[in-house]
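Take a look at the chain shown here. Keep the picture in view as you read.

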Amino acid sequence: MPGALSYLIEKVEGLEKTAQSLLNRQEESCSPHWMDVDELCDYIFSI
C-alpha cells in the first residue's frame, strides 16, 4: 500500500508540473509583443 501511495503522489506531482508549464507557456504567448523601432521598420517595409 505505501508503494502505491508514493506512486500516485509522484504521478500527481508530475501532472502538476506539466499543467504549470503549459499554463506558463500559454500566458507567454498571450502577452503582446512590443516592437522596437528597427522591428517596426522591418515590418512596415516588408508589407
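This report goes from the whole chain to its second helix and then to two surface patches.

**The whole chain**

The model is predicted. The protein chain holds 2 helices and 0 strands. Helix 1 covers residues 2–30, and a loop links helix 1 to helix 2. Helix 2 covers residues 37–46. Along the principal axes, the C-alpha atoms fill a box of roughly 65 × 15 × 10 Å.

How much of the chain is buried? Buried residues make up 0% of the 47 residues. A residue counts as buried when its relative accessible area is under 20%. The chain exposes about 4,700 Å². Carbon and sulfur atoms supply 64% of that area.

**Helix 2**

Why does helix 2 lie largely in the open? It has 10 residues and the number buried is 0, so the helix lies largely in the open. Look at its start. There, a side-chain oxygen of Asp 36 comes to within 3.2 Å of the backbone nitrogen of Asp 38.

**A negative patch**

Which residues form the negative surface patch? They are Asp 36, Asp 38, Glu 39 and Asp 42. Asp 36 thus appears twice: in this patch and in the contact at the start of helix 2. Asp 42 sits in helix 2. Asp 42 counts as exposed because its relative accessibility is 57%, and the cut-off for exposed is over 50%.

**A nonpolar patch**

The surface also carries a nonpolar patch. Its members are Met 35, Leu 40, Tyr 43, Ile 44, Phe 45 and Ile 47. Together they have about 700 Å² of accessible area.

Three of these members come from separate parts of the chain. Met 35 belongs to the loop between helix 1 and helix 2. Leu 40 is in helix 2. Ile 47 is in the segment after helix 2.

Are they exposed or partly exposed? Met 35, at 41% relative accessibility, counts as partly exposed. Leu 40 is partly exposed too, with a relative accessible area of 40%. Ile 47 reaches 74%, so Ile 47 counts as exposed. Values between 20% and 50% count as partly exposed.

**Distances along the chain**

Now compare steps in sequence with distances in space. The table lists pairs of residues, with distances taken from C-alpha to C-alpha.

| Pair | Apart in sequence | Apart in space |
|---|---|---|
| Met 35 and Ile 47 | 12 residues | 16 Å |
| Asp 42 and Leu 15 | 27 residues | 42 Å |
| Ile 47 and Tyr 7 | 40 residues | 55 Å |

Met 35 and Ile 47 share the nonpolar patch, with 16 Å between their C-alpha atoms. Asp 42, from the negative patch, is separated from Leu 15 by 42 Å. Ile 47 and Tyr 7 are 55 Å apart.

**In short**

The chain has 2 helices and 0% buried residues. One surface patch is negative, and another is nonpolar.

Notes
Residues numbered from 1 in each chain as written. Predicted model: local features only at pLDDT ≥ 70, side-chain atom pairs only at ≥ 80, totals over all residues. Heavy atoms only, no water. Helix = DSSP H or I, 4+ residues; strand = E, 2+ residues; numbered from the N terminus. Buried < 20%, exposed > 50% of the residue type's maximum accessible area, 1.4 Å probe, protein only. Areas by Shrake-Rupley, 256 points an atom, 1.4 Å probe, with all protein chains shown as cover. Patch = residues over 30% accessible without salt bridge, like charges linked within 9 Å, V, L, I, M, F, W, Y side chains within 5 Å. Salt bridge = Lys/Arg side-chain N within 4 Å of Asp/Glu carboxyl O. Lys, Arg positive; Asp, Glu negative; His and termini not counted. Charge placed at Lys NZ, Arg CZ, Asp CG, Glu CD. Polar contact = N/O pair within 3.5 Å; in protein donor to acceptor, adjacent residues only side chain to side chain.
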